[in-house]
Amino acid sequence: MKHTIREYVFWVFDFLKGSGIRKNYKDIVSKSDKEYNSINDLNNILEYAIKNVPFYSDIKEVKLEKFPVMNKVTLKEQGENCISIEYKDKMNKLYKASTSGSTGTPLVVYQDMNKKNRCRADLIRAHELINWKLGDKYIFIRNWSPNYKQSIIRKFAQNVIPVGIASFNDEKKEWLCKYLLKHKNCVIFGYSSSICDFMNYIKRKGVDAKKFEIKLIVCDSDELSKNNKKLLKDLFKCNIINRYDNEENGLIAISKPESDTLYVNNQSLIVELLEPSCDKRVKVGELGRVVITDLYNKAMPLIRYDTGDYAISNDTPNNIKTIKYFAGRKADALKSTKGVLISSVAISGIIEVFYGINKYQMIQNSEKSYELCYTGMLLEKEKRNIDDRLRACLGEDAVIKYSCKKELLPSKNGKFKTIINKCEK
């Protein structure tokens, strides 16, 4: 069945439900076609929050900097104080966006229908710009937990083939290879680590990936290093896209086919990068906490919401439009022996040039103790070379242990972490 029919059915059902997605889609297009200034939309949500949300009722000035930075712990502790009084009697009509709890703090964020429609419209528009059309068949590799549900209409329109992380073994990978040979022009979408795992399987088995004729690969949820992006592109001969989003806010940023830079979804949210230890904005090019202000969720406004992620931008601090590097979560960043934050990007740049390493995890066990676990084979002179590079990054007094493993497993949520900081509380 052609995707144009699927598109038609999708938009017909949207029309019957009041055209909520279409209206937001048109608004997004209009704001992206010109130099959009978010100040009016920002002021609207700030004014609304002060008037309707108990948590913000004491704020006197409609300025973003006057609002406190919040996080998952704040939301859980404050509970109903973070929900608009306009929706207190309509809770059963709100959508529950549940986070996976990969950081140890699971959370439910309530979204009104307009916010939910906005999220869908954001993705439709962003995917159009990378040539992923509504209705294209795609392979979705993720942790398919029991609470992840899709409506029949959405499944039909999306044309999705789900692949679960828990069963993504060699047998399943072999099945996927056969499927892709029969179904050309598919999109592959999923965790970066899982897609790279599939890539390594193909290399190991000597499969000619060009015969799959993949339309596009979109990596999401965990870090995609430049080296792995190049390897994926060389193997599959298609564009590789990096997408950054979360359940709470929806699409945050996405790259373009010709660029490694991620472009922030400024039509629907504001991004700030704040210093690791205080709520001051970082300087240009510095690593900072990703803090989101959602412009469209009135049911539970997320203003200056600390996502728990780190990123780097070359934009001016008060106008973040692009992200140069998405550097993962706080627990995915190491600290040098002097206490300086070291991103996963810095570590991958050191390790991934050594082709004897197939897969790795860099673990910080204490203030000065680190362990490089890896699969593959390293010569002693290569270990000495890595040691010199890591010490230059982490500190000359760093104690580094090397552990060759038969296998390195993903975390409980299905994502594979290259960086693990056991010192972070």
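## Strand β17 and Lys359

Strands here are DSSP runs of at least two residues marked E, numbered from the N terminus. With that in hand, Lys359 is found in strand β17, which covers residues 357–364. Keep in mind that this is a predicted model.

How exposed is Lys359? Its relative accessibility comes to 24%, so Lys359 counts as partly exposed. Leaving aside residues up to four places away in sequence, Lys359 touches Asp197, Cys373, Tyr374, Thr375, Leu408 and Phe416. With Leu408 there is a polar detail too: a polar atom of the Lys359 side chain sits 3.4 Å from the backbone oxygen of Leu408. If you want a sense of distance, Asn24 is 335 residues from Lys359 in sequence, and their C-alpha atoms are 42 Å apart in space.

## The eight-stranded sheet

Now for the sheet. Eight strands make up an open sheet with mixed pairing, in the order β4-β3-β5-β6-β7-β8-β9-β13. At the edges are β4 (160–164) and β13 (322–323), each of which pairs on one side only. Helix α5 packs on this sheet, where it touches β7 and β8 (250–255), and its direction makes about 15 degrees with that of β8. Another helix, α8 (residues 192–205), lies across β3 (138–142), β5 (187–191) and β6, running at about 120 degrees to β5.

Strand β6 (residues 216–220) is worth a closer look. On one side, β5 and β6 pair in the parallel sense over five bridges, with Phe189 standing opposite Val218 in β6. β6 and β7 (residues 239–246) also pair in the parallel sense, again over five bridges, and here Ile217 stands opposite Ile240 in β7.

## How enclosed is β6?

How many of the residues of β6 are buried? Five of the five are, so the strand is largely enclosed by the rest of the structure. In a regular strand the side chains alternate between the two faces of the sheet. For β6, Leu216, Val218 and Asp220 are on one side, Ile217 and Cys219 are on the other, and all of them are buried, which leaves both faces covered.

## Asp122 in helix α5

Back to helix α5 (residues 113–129), the place where Asp122 sits. Asp122 is buried, yet it has no salt bridge. What is the nearest side chain of opposite charge? That is Arg118, 4.3 Å away, and the cut-off for a salt bridge is within 4 Å, so the pair does not count as one.

The Asp122 side chain does make a polar contact with the side chain of Asn265, at 3.1 Å. Beyond residues up to four places away in sequence, Asp122 touches Ile28, Leu251, Asn265 and Ser268.

## Salt bridges

Side chains of opposite charge can pair when their charged atoms come close. The count for this model comes to 23 salt bridges. One of them is in helix α5, where the side chains of Glu128 and Arg125 meet at 3.3 Å, N to O. These two lie three residues apart, about one turn of the helix. Glu128 is partly exposed at 33% relative accessibility, whereas Arg125 is buried with a relative accessible area of 16%.

Arg304 and Glu272 form another salt bridge, with their closest N and O atoms 3.0 Å apart. Arg304 lies in the loop between β11 (287–294) and β12 (305–312) while Glu272 is in strand β10 (residues 269–274), so this pair ties together parts that are 32 residues apart in sequence. Both partners are buried: Arg304 has 5% relative accessibility, and Glu272 has 1%.

## Helix α11

Helix α11 (residues 380–394) holds Lys383. Is Lys383 buried or exposed? Its relative accessible area is 19%, and Lys383 is buried because buried means under 20%. Residues up to four places away in sequence aside, Lys383 touches Tyr374, Leu378 and Tyr402.

The helix has a salt bridge as well, between the side chains of Asp387 and Arg391 (2.6 Å, N to O). Being four residues apart in α11, the two are separated by about one helical turn. Asp387 is buried, with a relative accessible area of 14%, and Arg391 counts as partly exposed at 21%. Elsewhere, salt bridges that share partners join Asp27, Lys31, Asp41 and Arg118 into one network.

Methods
Residues numbered from 1 in each chain as written. Predicted model: local features only at pLDDT ≥ 70, side-chain atom pairs only at ≥ 80, totals over all residues. Heavy atoms only, no water. Buried < 20%, exposed > 50% of the residue type's maximum accessible area, 1.4 Å probe, protein only. Lys, Arg positive; Asp, Glu negative; His and termini not counted. Polar contact = N/O pair within 3.5 Å; in protein donor to acceptor, adjacent residues only side chain to side chain. Contact = heavy atoms within 4.5 Å. Pairing = 2+ DSSP bridges. Axes fitted to C-alpha atoms, helices over the stretch in contact; angles between N-to-C directions.
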